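Open the model in your viewer and keep the selection panel at hand. The tour goes stop by stop: what to select, then what is there.

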2 protein chains.
Amino acid sequence: MAISTKTVGANAGRARSHNRQMVLDRVRQAGQIGRAEIARGSGLSTQAVSNIISDLLSDGLISEQGRKVTTRGQPPVQYGLNPCGGYAVGIEIRPDAIFAAILDLCGAPIATSRRTLRARDLAGVTKAVVAAKAAIIDKAQIAPSKILGAGIVMPGPFGRTGLSGTGSEFSIFHEVSPAAWFSDALDLPVVVENDANAAAVAERVAGVASDIETFAFLYFGNGLGLGVMQNGRLVRGAFGNAGEIGHVPVISVGRTVALETALSRLSVQKHLADVGIDVDSSDGLAAVFDAREPALMTWLEAAAEPLSNAITIIENLLDPDTIILGGAMPDAIFDHLIGSVTLADRSVSHRPNRTTERLLRGASGRMTGTLGAGALVINRAFTPRIAAAA
Amino acid sequence: MAISTKTVGANAGRARSHNRQMVLDRVRQAGQIGRAEIARGSGLSTQAVSNIISDLLSDGLISEQGRKVTTRGQPPVQYGLNPCGGYAVGIEIRPDAIFAAILDLCGAPIATSRRTLRARDLAGVTKAVVAAKAAIIDKAQIAPSKILGAGIVMPGPFGRTGLSGTGSEFSIFHEVSPAAWFSDALDLPVVVENDANAAAVAERVAGVASDIETFAFLYFGNGLGLGVMQNGRLVRGAFGNAGEIGHVPVISVGRTVALETALSRLSVQKHLADVGIDVDSSDGLAAVFDAREPALMTWLEAAAEPLSNAITIIENLLDPDTIILGGAMPDAIFDHLIGSVTLADRSVSHRPNRTTERLLRGASGRMTGTLGAGALVINRAFTPRIAAAA
DNA sequence: TTGAATCATCAAGTAACTTGAGTTAATGCC
DNA sequence: GGCATTAACTCAAGTTACTTGATGATTCAA
């Protein structure tokens, strides 16, 4: 059965929690904001906002940041996020390694780490994740009470699907709910998402989408994924597997193929390997691009058409404010790809009065998956949630 | 600027309104349900639910429907929607005609009408819509106080986009917000959506998706549209233009074409016209299909591949519980199309333990747009909305 | 017939928001 | 410089709607 997302009833306690998170999100989005302005925007009384602000202050989540100069009247006291008011652990599980990071409340990384992962079984992976968490908290010297939770990123899709057996996803979690499992093992609230969704959240928490409510993130991992954000919430689908754009059929050089065979890191690595160039790191790829290696340039040229088609699909199906490109490739390659795309005229995103670019490059670089993992936790702390049950 | 959907704060009044709508939605979805069961599912106390139920009873929105036989304990009093507790006006504006309907609270049509539309200007269209509303209310003999609102369906996309100028959309609303405009003119709360979104809502209110939270509706109108429902809410995109799947590039006979050139009512009409068969109604098309007209059969054969590709795109991008096909074609043709589609193995929807079909035919038939217009209003009455501002 | 289970109601208690009066702090005008 | 104006902020009382706990109602099972 599908993930249950039944709406829950509102009572005083949940209303307060909702309002706290709403206020926090407005503070995050505005950078600096005063109480009266929050009240005006939120439909609450200034008194209510005042009470909530004083709560958040004493919890250390926000801080007073002077008064704004205005034309007339008492200048409003401004509040902003207090970066050290809380921290999130981000853990990215890849087939061969575990990456970990600690993020502050503003989404800035305090510490990162990488550990080789040899285990493939549930117990072994769990042990490695627990160890990674302990080590990164120790490295960053954060008081455990300040840890808001852990975000875990792993390759999807989740559960048994027609995409199972590609080797990328973790079949050990077909029978176990990964969130409940890791929450137990880590003794923390846990959010689990695939890499593309996490990357989208990362851009919202501390990237180019901090004030964009509705956008899509095209994530270049080993395959190709799409994270869809709609009104500040992820579009996850009935089973949390939305965004598997890599398996969409496209035409490439006259043949029908899955999009990610033409457009992904594995695809470019394979193409380069065919001419004897082995790259297994983003740095390596960056060097090959800097040298304008012909094999890479032909790959990029061939990638432009399927990428253009993918963008037209995303724009017309989801009507995002913008599409962000990012993931496991060098920034220079994303910039090149963005430059080489033909943006379709026949698209709902082709508007005369646009204020954002149709394509942006993500801000969180190659660590976007791991940072995204932490961002999931931060984001959840900022997301009002009366509407949907956990 | 994108549609603003900032989260709003919760207070006592909004909490009550939210809870009322949540209770109503649970009653709708269950058909019959008792107070204690609602309380258990919603996280509210039985007392709170009791109070809300008594409110809804005195407003006439629900009715007592006997007691359920249980194993032990006091048998719970069951409640169900009271169809005549409220009514919705649905109006569908097409380039050449205005369709209107009155729906009861359960989504059943009480009356329908059709009027030719000659006007293309704002004043003329408005006048026709106002007249259609007055006439349908008069025909159905509904007390104005029982009208919950009006839903209006018109061809998208909304605002100036790269799809403008195809002739289908109403450019008169490029500068005016249609919802505010019609709300003023009709003196009722108004919801405006495109046909595909309305059709999706219709299936949820009174169709095959009444207990499916996350699905997609592939709507065959003059073009092709997609209505996306996620957790019981429409995925509308940043500007309300999500779901323009007709302009998505897909593969047909080895070439990339816009989907709706291969798959839409206009497409089949054109194909038939090429061999001298003119059909301009759904009945006409049904007759041609009944006769197994070769030209139609070749069109259907050719349509299978792009339709299959479109379904793979929808499944992998949105991970819906199911995809519903419907709109301006005869049921028999939808059934034929569903039978001829090749469902991709490489899809997140290809799950071993499915409980719903991957494809369903919509239940609301050819009037789905008009009924959907009314369903928008019913749906809104049932949708808790603390989370998003109007 | 009695006890267990469940639903339902009543009345009191509580959390969180709203309201309205009053205070603080800055600007702008005479 | 003094005073009106404007806007932010605070205090205390008032209101709403939910929760809690005690009590009653209804059914089944032993």
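**Stop 1: the two protein chains**

Select chains A and B. A rotation of 180 degrees, with 0.1 Å of shift along its axis, superposes chain A on chain B at an RMSD of 0.3 Å. The superposition is by least squares on the C-alpha atoms of residues with pLDDT of at least 70 in both copies. That is the relation of a two-fold axis.

Two notes before moving on. This is a predicted model: local features need pLDDT of at least 70, side-chain atom pairs count only at pLDDT 80 or more, and totals for chains, interfaces and linings use all residues. Residues are numbered from 1 along each chain as its sequence is written, while chains are lettered from A and ligands numbered from 1 in the order in which they are written.

**Stop 2: the A–B interface**

Stay with both chains and select the contacts (C-beta atoms, placed from the backbone, within 7 Å). How many residues of chain A are in contact with chain B? 63 residues of chain A are in contact with 65 residues of chain B. On the chain A side, the elements giving two or more residues are α1, α2 (35-42), β10 (224-230), β12 (249-252), β13 (255-258) and α10 (294-318). Helices (H or I, at least four residues) and strands (E, at least two) are DSSP runs, numbered from the N terminus. Color α10(A): with 6 residues, α10(A) gives the largest share of this side.

Now color by residue class. The chain A side divides into 29 nonpolar, 25 polar and 9 charged residues. Nonpolar means Ala, Val, Leu, Ile, Met, Phe, Trp, Tyr, Cys and Pro; charged means Asp, Glu, Lys and Arg; the others, Gly among them, are polar. 100% of the interface residues of chain A are also interface residues in chain B, so the copies meet through the same surface.

**Stop 3: DNA strand C**

Select DNA strand C and the residues near it (C-beta atom, placed from the backbone, within 6 Å). There are 29 residues around the strand, and A:Ser45, A:Ala48, B:Asn11, B:Gly73 and B:Gln74 come nearest. α1 (12-30) and α3 (46-58) of chain A, with α2 (35-42) and α3 (46-58) of chain B, each supply at least two residues. α1(A) provides the largest share, 5 residues. The classes here are 9 nonpolar, 15 polar and 5 charged.

**Stop 4: DNA strand D**

Switch to DNA strand D. 28 residues surround this strand; the closest are A:Asn11, A:Gly73, B:Ser45, B:Ala48 and B:Gln74. Two or more residues come from each of α2 and α3 of chain A and α1 (12-30) and α3 of chain B. α1(B) has the largest share, 5 residues. The surface near DNA strand D divides into 9 nonpolar, 15 polar and 4 charged residues.

**Stop 5: a sheet in chain A**

Hide the DNA. Show the open sheet of 5 strands in chain A, in the order β6-β5-β4-β7-β8, with mixed pairing. β6 (109-116) and β8 (190-193) of chain A stand at the edges, each with a single partner strand, so one side of each is left without a neighbour in the sheet. The twist averages 15 degrees from one strand to the next.

Zoom in on β7 (residues 147-153) of chain A. β7(A) and β8(A) run parallel, joined by 4 bridges; strands count as paired if DSSP finds at least two bridges between them. A:Ile152 stands opposite A:Val192 in β8(A). Add helix α5 (residues 178-186) of chain A, which packs on the sheet and touches β7 and β8 of chain A. The direction of α5(A) makes about 140 degrees with that of β8(A). Angles run from 0 to 180 degrees between N-to-C directions, with axes as lines fitted to C-alpha atoms, for helices over the stretch in contact.

**Stop 6: β4 in chain B**

Select residues 87-93 of chain B. Is strand β4(B) buried or exposed? 7 of its 7 residues are buried, so β4(B) is largely enclosed by the rest of the structure. Buried means 20 or more other C-beta atoms within 10 Å of the residue's own, exposed 12 or fewer, and partly exposed in between, with C-beta atoms placed from the backbone. B:Tyr87, B:Val89, B:Ile91 and B:Ile93 cover one side, with B:Ala88, B:Gly90 and B:Glu92 on the other.

β4(B) pairs antiparallel with β5 (residues 97-104) of chain B over 7 bridges, and a hairpin joins the two through 3 residues. β4(B) also runs parallel to β7 (residues 147-153) of chain B, with 6 bridges. There, B:Gly90 has B:Gly151 as its bridge partner.

**Stop 7: a loop residue**

Finish on A:Asp319, in the loop between α10 and β14 (323-327) of chain A. Its phi is positive, about 45 degrees, although A:Asp319 is not a glycine. A:Asp319 counts as buried, with 29 C-beta neighbours inside 10 Å.

Key:
Contact = placed C-beta atoms within 7 Å.
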